[in-house]
Every structure is written in C-alpha cells, then in structure tokens.
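This report covers salt bridges, one helix and one loop residue. The model is shown first.

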Amino acid sequence: MLLQFINQSKAQNIIFMLSITIALIPFTAIFSYISTYVNFIFLLIVIVSIFLHIKKIFLPVWLLNFISIGLIIMPFLSFSLEDILLPSIEALTLILSIRFLSKKSSREYLQIYLLSLLLLGSSSLFNISWIFLIRVLLMLVFTIFAILLLTYMKEVKEDFINFEKFINLFKVAIFISVVSVPLSALFFIILPRTPVPLMDIGFSKTKTGFSSTVNLGSVSDIEEDKTIIMRVKMERLSQELYWRVITFDNFDGKRWHKRVSEKDSATIYGEKINYNVTLEPLTEQYLPVLDYPLKIYMPDAALEYPGIYRMKFSPEKTIKYSATSFVNYHLKEASVSSAYLEIPEIVSEKIINLTQKITSQALSKKEIAESILKYLTNYQYTLKDLPTGDNPVEDFLFNKKKGNCEYFATAMALMLRIKGIPSRVVGGFKGGTYNEFGGYYIVRASDAHLWVEAWIDGQWHRFDPSGKMYRTHESVIFHLIDYLWNNIVLDYDIKAQFKLAKSIKIPKIKITREILLIILATGIFYGFLKIYQYFNKKRDLLNRFFSIMEKKGFERKKYEGLEEFVSKIDNSEIKLKAEKFVKEYEKIYFKDREISKEEHKKLKALLEELNETRKN
C-alpha cells in the first residue's frame, strides 16, 4: 500500500535526519585531517542527539553553553600561530555537533545548515578534488529540500502532509539545484580572478618526500602512502622514469646527508623532453624533475649541484612548473669531490671482505659495479621488518638479507667506495602510472625511491640495485575525472580568462539571398502564429461570453467583475442565462483545476443558449 500522508511527527523526523545528513557531508571531507578525539566527539554527540530526539529530550540552554565552551577551548589548548586554522576548523566541527542537542525550530536548523556550509568551505583548504563538487551538489539538494519542507510546514500548519506534495518538494529542490549549475558555471567563467588568492592562510600539513637528511628505514613509511604527489603532463616514454629530487654524499652509518655544494661542472647530452608538473603541497623544498634535468621554469627555484632544484620555502599550496630534461643521457664530469669516497668508521671488516669476494673476478670499474648489482639481486625487497641496530647495513647484508630501496642503495654505494669508485645516493621517485586519456603521469608517495650513481671513467652511471617496483592497478576513469577537474576547474586562472577572452571573436555574417529568405519566412511564420493565437484566444469561453454580451448591447467595463457586470443587465431573460453561465464558470475556474470535456461542453451549450436569446 502506497503512503498517502505524512504526519507532522514523521515530517519532523525526516527534517532531523536530513539535517544530520547535511552535517555529515562536510564531515566526511575533513575527518582524515582533524584530530581523532574531535572525530570521536562529533560522532558521539550525533548519536546521542538521535537518541534524545527519539525520546524527545532536549538539554537546557545553560548546559549546552557550558558544554560548548569546554569543547571549543579544547582544540586551542595546544596550537601554534602556524596551525591556528586547523584548531578553528575543529572548533567549528564541535559547534556544529552541539547544535543537534538543543530543541530545534526553523532557526536552529538554519544555523546547522550555515555551519555545515562553512565546514564544507573549510574542507577545500585540505583537498579540492572533483569529489568536492559532488559534496557541494549533494548538500545543495538536501539543504534546499530541508528548507522547502520547513517553510511548507510552517506556512500550511496542517496535521498531515500529502505524500505527493512531499515528493514534489523534493523535485523542486532538485530542479533548483540543477538550474543553479549553469548559472554557477557562468559566474565561474566571467568573474574576475587574481593571480594569487585574496586570502592565503597557510597551515602546516604532513610533508612527504625528501629533506637534506634521510634515516635508513624512513622512506618505507613514504612508500606505504598512496597519496598523489604530482601529475606530469608529457608524452609516454618507453623506459622506466626516475624523478630526481636530492642527492646524498655523506653516510654516518645510519643516515645519509647532503653536504657537497659546489659549482656544477658536468657536461650532459642526450634526448631533450619538455613537460609540465602539477605538484601537490605535500613535499619539502626540493622539486622533483625528470632525471637528468637541463632547466626548470620556476621563479623561486634555485639550482644546486648536482642537478637538483630547491625552493626558498616549502610549498603550502599546489604549484605548477615547466621543465626540460635529458633522457637516455650521458653525464660527464672531469673530476669529483673526495666526499664521494668517504666510508664511515662503522663499516666492519665483514662488509669489506664481502665486497672483495663478490668483485674478485671483475677486471674494470664497470664490471665491479655490475658484480655488486648482480649480487644484491639475491636479496628480498620488503617494507616490513627492516634491518635495525647499531649497524643496519651489516644487519641487512648478513642477517635479514631483506630491506627496501634505502638498504640496497646504501649497500651498493658503500661497496663501490670500498673499491675506490666515487658514488652517491639519489633520492626521488621512480616510474608513475600513465593515464592514456589525459596524457600525463601520476606519481604517488609510494613511488619514493633511492638509487645509486657511480663515477666511472669520467662519467656518472645510474644503478638501481633494488630492482623493479610493483604497482597496483590504477582506475583510469577516476584519474581521467581528476585530470579534467584539475585542467578545467583548478587550472582556470586569470591567464585562462584572458586566453578565453581573446579567443572570442565577433562572427562575420555575410548576408546572402538565402539568409534573407530564411529571415522573411521566419517572420511570416511568426506573424501567422500570433494571428492564430489571437483568434484562438477569441474563441475562449469567457471571451466568447463577452462577445455575445456585446452583440446584445451589454459591454463590460474594465474594472467590473463578472458578477457585478451581470447584475447590471436590465433584460431579465438574458440576465438569468448570463448568471447561469457565470455561476458554472466560476465553479470550475475559481477552484484552480482543469476543465473536463463534459464541463466544457456544458459551458458551450449555455453560451449557445445565451446567444440564441433575443433582446426584447
């Protein structure tokens, strides 16, 4: 049996659940960024509010104010000036949850919707992917529907709401939301933009990537993070890609440091390739570039030896830069720093003896490097249970015989130095997933990698002892949406506006005889249409009534109503029949419903009878 009516109590329950849904939409966007205790308190209060709503229990205002003050202060107990925005968002989240504990009228519900909207806007500071647009549309539909339902209940004041009316209100909410989309798109295109945000409020975020110091084992945490670091617009290349970020030259037994800083004297040649990078604000000061870079087009980036680029500050928002790099390159350097031969005191005789053993058959430096590389392929690549202790490299080589790229690269670099071959460790990212539809690479934090560069016969050679990295299957469709969102929406700045404005040209229309004939035919058709509408209107029942009355000498004045007009007729027979028509006419039309065929036929019969009546 279909539901015909919804009583006031059920309608109130629907509005309450709609309001919780509206509040949960922005909460799902921020819960992974705010504190765990704030998430817990928010969900706990929402659950308690549902229980109180069912039991029709409402907390007193003084108690709510007391709870509010305590919860709002909590996020600010341990904050810094750099992180003031995050506690503010957490406080806003708690304020929103507390609103559900009070007795709710239209005013309280509207406050909940406003707070939810503010919270959704705040979530854009963390992430403004295409999922944000879906949340906006959902909130728009549900909020409009809730407001329409609240207004209807307040104005009509009926005990029951017709279910059909309820569904119509939801359809109106969808219609308003859909109509607002093209209007919003128009404003998005034409509203002026500035090169920088009007309010650029920064807050600290968890960084991933590489700094000037890397501890053994630290990169494994990055490799388990699937967050997208950058998107690189470029053609697809057949070879494995290495994204250079930083080089390390000094190893103390547990961590790598960058110390060598000298003028770049290397000579490089190879195949040039240009690309554009969209880098998320999740990295340190170093900028990833395709190995080996020639030039980067970024005002705040400075070149450091060897082939790395560093900004003056860590990015706090998405940045874009273009670059040119060499692939299949040759990197020659006449001499190198002695730092590339330094061996820490912690290196034991066991490591030295192992190095001599596995390279005993090598006759050249190149063969030495290949022997070490081949030997390390016998070890297992893993991110779990990594080597530890005072000498983690020894633990890797002789005990666990497994590790991640840090241990492989460190072991090879040390062995090369033991054999008198200058070497360094390079930190960056390896590979990436290519999106065929968008024509760009997606590089994630999990693509973080370390490899080795060895100086052999005046040339730097790359060696990757940890082998290939295995990646999970990427969803092409979702990444295509990501690409469209980033390039159409997020990339739409003042430059794009100027480009769009320049591309718009006034079309040159050449007036030909064919065009004139089309215009003339359109005008004639429009004229006939208006004439048809005019005569069709004249055939309308009410107009037909007035026409008959005029023929009989009774003309209605503009200000007169139907009943007033009929009351002034001095002919009793005509007046009686006219009153009969008006009564039937008002009975139908004043009830705001469509006329049936039978009723239309009856009115026409009354008009015919009136028309046949002769004036005495």
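Buried means under 20% relative accessible area, exposed over 50%, and partly exposed in between (1.4 Å probe, protein chains only). The model is predicted: local features need pLDDT of at least 70, side-chain atom pairs count only at pLDDT 80 or more, and totals for chains, interfaces and linings use all residues. Residues are numbered from 1 along each chain as its sequence is written, and side-chain values use heavy atoms, with hydrogens and water left out.

**Salt bridges**

Side chains of opposite charge can pair when their charged atoms come close. A salt bridge here is a side-chain nitrogen of Lys or Arg within 4 Å of a carboxyl oxygen of Asp or Glu. The structure holds 15 of them, including the three in the table.

| Pair | N to O distance | Citation |
|---|---|---|
| D291 and R462 | 3.1 Å | |
| K577 and E573 | 3.7 Å | |
| E584 and K602 | 3.4 Å | |

Helices (H or I, at least four residues) and strands (E, at least two) are DSSP runs, numbered from the N terminus. D291 pairs with R462. D291 sits in the loop between β10 (289-290) and β11 (293-297) and R462 in strand β21, so this pair ties together parts that are 171 residues apart in sequence. D291 is buried, at 4% relative accessible area, whereas R462 is partly exposed at 31%. Both belong to a network of salt bridges that links R244, D291, R424, E453 and R462.

K577 and E573 lie in helix α18 (residues 572-589), four residues apart, or about one turn of the helix. E573 is partly exposed, with a relative accessible area of 37%. E584 of helix α18 pairs with K602 of helix α19 (residues 597-612), 18 residues apart, and this links distant parts of the chain. E584 is buried at 14% relative accessibility; K602, at 43%, is partly exposed.

**Helix α10**

Which residues of α10 are buried? They are I368, A369, I372 and L376. These residues cover an arc of only 95 degrees around the axis (taken from the directions from the helix axis to the C-beta atoms), which puts them on the same side of α10. They pack against α9 (349-358), α11 (392-400), α12 (405-418), β20 (448-456) and β21 (459-463), where contact means heavy atoms within 4.5 Å.

**Loop residue S238**

S238 is in the loop between β4 (228-233) and β5 (242-248). With 79% relative accessibility, S238 counts as exposed.
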